[in-house]
Amino acid sequence: MLKDKIYEDFNLNRNVLLDNFSEPIRQLKHKAFESFVKLGFPHIKLENWRHTNLKNIIENDYKHCFSPSDKDVDIEQLFQCELPEMDTYTVIQYNGWFMSRNNDISLMDNGVIIGSLNKAFKEYPEIVEKHFGKYTAVEKRSLEALNTAFAQDGIFIFVPDNVKLEKPIQIINILDADTNLITQPRNLFIIGKNSELTLVHCDHSILHRQSLINSLSEIFIDENGFVDHYKMQNKDAESTLITTINVHVESNARISTNALILNGGVIRNNVNVKLNGKNAQADLKGLYLVDRKQHVDNQVFIHHASSHCYSKQLYKGIIDDDARAVFNGRILVDKDAQKTDAYQTNKNILLTDNASVHSQPQLEIYADDVKCSHGSTVGQLDPNAMFYLRSRGICEHSSRMLLMYAFASEVVDTITIEALKYRLDTMVSKRLKGELSICDQCVLHCSEKAPDFLKMDFKPIV
Amino acid sequence: MLSIKNLEVSIDNKVILKNFNIEVKAGEVHAIMGPNGTGKSTLANVIAGREGYEVLNGDIIYKGKSILESKPEERAREGIFLGFQYPVEIPGVSITNFMKTAVNEIRKHKGLDPMPAGEFLSMLKEKKKIVEMNTTLASRSVNQGFSGGEKKKNEIFQMAVLEPQLAILDETDSGLDIDALRIVAHGINSLKNKDNATIVITHYQRLLDYIVPDFVHVLYGGRIVKTGGKELALELEEKGYDWIKQEIDI
């Protein structure tokens, strides 16, 4: 049982999990562990876990990596960007650990700090301690507690006030091991007043061993700041990927997220946003194209804690074969959060009788002057549109493709990075034709067939 | 070109067309008129192959062969075009992509290679002129957010691109102001030649001021009850449908 293994791992590795940290962090991690012991792994009796059963997954054994890999990993050999035309700063997370051939943490000329969270704990303790764990519910959500207890490393980004990072930062999360692996990557992104950051977060695995990723990112966006966050998930069928993003948005600040899920075993994405100041905005989007026995669960929680805030959720999915999709969108509007605008849309297309979707909106509104709407649809392709296309000579198969592609494009079109949008567009259309293999999007060298133009040098951060 | 014999069609077990007959030859323009609910749209849909209609009797012969068993796309590839009364909005599919897919599937059916991109785009540009369309086709989704007039222009634009042999235009004049009507009618007229045929389905006579039919048929109670020349349309406009009803019901 994984739970026993976790107790054992924690107790045997207290030196690296607790003792290495400053007092406040140590206390928090300790509290988090106790909370995990109390809560245990989520189970299907919990409302938010009713449709995602981890039972079989946590019966397996997985190994933690308590130190960075000592394997001589050649990043150039390992990494090839599938988006050569996308100009980014690239950082790599290898089995949960920040990896760089230069510095583990860098301070750029404009005051931006990028690097290993592990190093940031030591080198920038005031910044880290002010935010680490502050946007995370360790008492209530057991996987966030588990991550906090085991958190050792991840990506740390600090953008000071009034800095707009022009290039996106691309985070490549790679799993590479010859045993079953569990990782608990922990990221912390702090964005100052009037500052902007674009993040592209990609998840990959090299070996098709069983893996369990329980990642947690905390994002703090100060007044008038903006974060544009993309998550690309194209994982193998043996993987379980649980990601949580906790976002704290101050007044006039904005968060935009886009989760693009094209392959995977079991995927669970939690996005928790607190709109904490007047005029804060959240624009959350997701697209999932799943087939075979895949399982994708998107959980969104938006907390309108202040007045005049705006939130919008747009999640769309096409579910094929025996795949299952879950969407749970919760909107909480506090008593004082007057003039709230909150919208939620979840649209699904089921392609087979065995495909299923569970879509659930939850609205909790305590203010009286709000505009909230939610809509959820589950259906097949529009027969009128099908006939319209076919009446122009387009065969049934192509008509379906066109409509599915169109359905997906509502989400893809919102991508603001042109190269990424183009790439996603191609991938979605390949995926719908059944031509997208996991290697297509993969940044790794497992295929010799990768065309030359895709091969690109790893760009170290400055 | 088209020969419909004794056609009987039902939808949801309700008979809509019964004992319906028509002969259409290349180079001809036929107008089918009639009050609401007499089966005009059913006729258009059945010829185009829409699902949900049951043919109980009779046959539709197109270019010498029965098409009752053909799929809508097969009929389209053989040159049948339906101008929709209510063109469907398809968010996310650009007009360019839509037409490119259609043109190339039809070409493939004819054993031709896909049309080169440059040639295709300049062809689209030419066809746009026919209906004075100034929409940016590449960026706009099919019919999404189009006004009634734009939708109908888009139908005729598609007709111009696909160059059908038999065009069935279902209430193409409905919802058009006089300027749009003139443009749409001009488009239809300019696409007419001796090898193709057009069936114009309409409620009002006004479209026929612009498109001069060779034959006017009155559809009532699921069948053609009267056929005449273009002057029949004028008579209908003047007297309404009631005199026909009286004639029939007696």
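## Chain B: Composition and Overall Form

Helices and strands are taken here as DSSP runs, with at least four residues for a helix (H or I) and at least two for a strand (E), numbered from the N terminus. On that basis, chain B of this predicted model contains eight helices and twelve strands.

The C-alpha atoms of chain B occupy a box of roughly 60 × 40 × 35 Å along the principal axes. The radius of gyration of chain B is 18 Å, which agrees with the value near 18 Å that a compact globule of 250 residues would have. Of these 250 residues, 53% count as buried. Contacts in chain B between residues at least 6 apart in sequence are, in 70% of cases, contacts between residues at least 24 apart.

## Ile90 of Chain B and Its Neighbours in Chain A

Ile90(B) belongs to strand β7 of chain B, which covers residues 90-94. This residue counts as buried because its relative accessibility is 2%, under the 20% limit for that class. With residues up to four places away in sequence left out, Ile90(B) touches Ser141(B) and Val142(B) in chain B, and Ala385(A), Tyr388(A), Leu389(A) and Leu403(A) in chain A. Ile90(B) is also 10.0 Å from Gly145(B), C-alpha to C-alpha, although 55 residues separate the two in sequence.

Among the chain A partners of Ile90(B) are Ala385(A), Tyr388(A) and Leu389(A), which are also listed among the buried residues of helix α8(A). This helix spans residues 383-390 and is mostly covered, with six of its eight residues buried. The others in the buried set are Met386(A), Phe387(A) and Arg390(A). At the N-terminal end of α8(A), Asp382(A) acts as a cap: one of its side-chain oxygens lies 3.0 Å from the backbone nitrogen of Asn384(A).

## A Buried Arginine in Chain A

Arg186(A) is located in strand β8 of chain A, residues 186-191. Its relative accessible area is 0%, so Arg186(A) is buried. The side chain of Arg186(A) forms a polar contact of 2.9 Å with the side chain of Glu218(A).

## Enclosed Cavities

Rolling a probe the size of a water molecule over the atoms reveals where empty space remains. In the whole structure, the search finds six cavities of 30 Å³ or more. The largest cavity holds about 110 Å³ of space. Its lining comprises 14 residues, and those closest to the centre are Cys65(A), Trp97(A), Phe150(A), Gln152(A) and Gln184(A). By class, this lining consists of seven nonpolar, six polar and one charged residues.

The second largest cavity has a volume of about 60 Å³. The residues lining this cavity are Asn187(A), His201(A), Asp203(A), Ser215(A), Ser217(A), His229(A), Lys231(A), Thr243(A), Thr244(A) and Ile245(A). Two or more of the lining residues come from each of the chain A strands β9 (196-205), β10 (211-221), β11 (226-234) and β12 (239-249). Strand β12(A) provides the largest share, three residues. Seven residues of this lining are polar, two are charged and one is nonpolar.

## Open Pockets

The largest pocket encloses about 1200 Å³. Its lining has 47 residues, and nearest the centre lie Leu402(A), Tyr405(A), Ala406(A), Ser409(A) and Gly92(B). Both chains supply elements to this lining: β19 (340-350), β21 (370-379), α9 (396-412) and α10 (418-432) of chain A, and β7, α3 (95-109) and α4 (117-130) of chain B, each give at least two residues. The greatest contribution, eleven residues, comes from α9(A). In terms of class, 19 lining residues are nonpolar, 16 polar and twelve charged. Strand β7 of chain B, one of the contributing elements, is also the strand that holds Ile90(B).

The second largest pocket has a volume of about 860 Å³. Of its 36 lining residues, Ala137(A), Arg141(A), Glu144(A), Asn272(A) and Phe301(A) lie nearest the centre. The chain A elements α7 (142-150), β12, β14 (266-275), β16 (295-304) and β18 (324-333) each supply at least two residues. Strand β14(A) gives the most, with five residues. The lining divides into 13 nonpolar, 14 polar and nine charged residues.

Key
Residues are numbered from 1 along each chain as its sequence is written. Chains are lettered from A and ligands numbered from 1 in the order in which they are written. This is a predicted model: local features need pLDDT of at least 70, side-chain atom pairs count only at pLDDT 80 or more; totals for chains, interfaces and linings use all residues. Side-chain values use heavy atoms; hydrogens and water are left out. On a 1 Å grid over the protein atoms alone, a cavity is a set of points where a 1.4 Å probe fits but cannot get out, and a pocket is an open set with protein on both sides within 12 Å along at least five of seven lines; lining residues have an atom within 4 Å of a point. Grid points are joined across faces, edges and corners, and a volume is the space filled by probe spheres set on the points. Ala, Val, Leu, Ile, Met, Phe, Trp, Tyr, Cys and Pro count as nonpolar, Asp, Glu, Lys and Arg as charged, and the others, Gly among them, as polar. Buried means under 20% relative accessible area, exposed over 50%, partly exposed in between (1.4 Å probe, protein chains only). A polar contact is a pair of N or O atoms within 3.5 Å; within protein, one must be able to donate a hydrogen and the other to accept it, and residues adjacent in sequence count only if both atoms are side-chain atoms. The radius of gyration is taken over C-alpha atoms; the globule rule is 2.2 Å times the number of residues to the power 0.38. Contact means heavy atoms within 4.5 Å.
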